[in-house]
Amino acid sequence: MKNSLKTLSRIQKVHIDEQRKLLNEQLDVEEKLNSAIKKLEQELENEKKFSAEHPEIGDFGAYYK
């Protein structure tokens with residue numbers, strides 16, 4: 001009985017470690033996506049600013065939509 005509990009305990013630890021690994025991978029993906037979103041938002045703001053400073057180039061509003 002004691003050995004069975006030890007075996008089950010080891011199996012659970014392995015399972016928990018696998019789940020932690022998956023969680024960390026998903027957290028990394030989330031972090032990368034959030035970084036990409038921030039970068040795109042910054043690029044959008046830069047484009048808006050450039051468009052406001054150079055109205056002769058075209059209508060950014062139509063492009064933005």
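This report covers the fold, salt bridges and surface patches of a predicted model.

## Overall make-up

The protein has 65 residues, of which 3% count as buried. Its secondary structure comes to two helices and zero strands. One of these helices, α1, spans residues 2-53.

The accessible surface comes to about 6,400 Å². Carbon and sulfur atoms account for 57% of that area.

## Salt bridges

Side chains of opposite charge can pair when their charged atoms come close. With a cut-off of 4 Å between a side-chain nitrogen of Lys or Arg and a carboxyl oxygen of Asp or Glu, the model has two salt bridges.

One salt bridge joins the side chains of Asp-17 and Arg-20, with an N to O distance of 3.8 Å. Both residues sit in helix α1, three residues apart, so about one helical turn separates them. Asp-17 is partly exposed, with a relative accessibility of 45%. Arg-20 has a relative accessibility of 53% and counts as exposed, because the class begins over 50%.

The other pair is Glu-45 and Lys-48, whose closest N and O atoms are 3.7 Å apart. These two residues are also three apart in helix α1, so the separation is again about one helical turn. Glu-45 is partly exposed at 42% relative accessible area. Lys-48 is partly exposed as well, at 32%. Neither value reaches the exposed class, because that class requires over 50%.

## Charged patches

A patch of negative charge on the surface gathers Glu-25, Asp-28, Glu-30 and Glu-31. Within this group, Glu-31 belongs to helix α1. Glu-31 counts as exposed, with a relative accessibility of 53%. That value fits patch membership, because a patch residue must have over 30% relative accessible area and no salt bridge.

A positive surface patch is formed by Lys-2, Lys-6, Arg-10 and Lys-13. Lys-13 lies in helix α1. The relative accessibility of Lys-13 is 53%, so this residue is classed as exposed.

## Nonpolar patch

Met-1, Leu-5, Leu-8 and Ile-11 make a nonpolar surface patch of about 480 Å². Among these residues, Ile-11 is found in helix α1. Ile-11 is partly exposed, at 48% relative accessible area. This value falls short of the exposed class, because exposed means over 50%. Ile-11 still qualifies for a patch, because the requirement there is over 30%.

## Features along helix α1

Helix α1 carries both partners of the Asp-17 and Arg-20 bridge, and both partners of the Glu-45 and Lys-48 bridge. Patch residues in this helix include Ile-11 of the nonpolar patch, Lys-13 of the positive patch and Glu-31 of the negative patch.

Methods: Residues numbered from 1 in each chain as written. Predicted model: local features only at pLDDT ≥ 70, side-chain atom pairs only at ≥ 80, totals over all residues. Heavy atoms only, no water. Helix = DSSP H or I, 4+ residues; strand = E, 2+ residues; numbered from the N terminus. Buried < 20%, exposed > 50% of the residue type's maximum accessible area, 1.4 Å probe, protein only. Patch = residues over 30% accessible without salt bridge, like charges linked within 9 Å, V, L, I, M, F, W, Y side chains within 5 Å. Areas by Shrake-Rupley, 256 points an atom, 1.4 Å probe, with all protein chains shown as cover. Lys, Arg positive; Asp, Glu negative; His and termini not counted. Charge placed at Lys NZ, Arg CZ, Asp CG, Glu CD.
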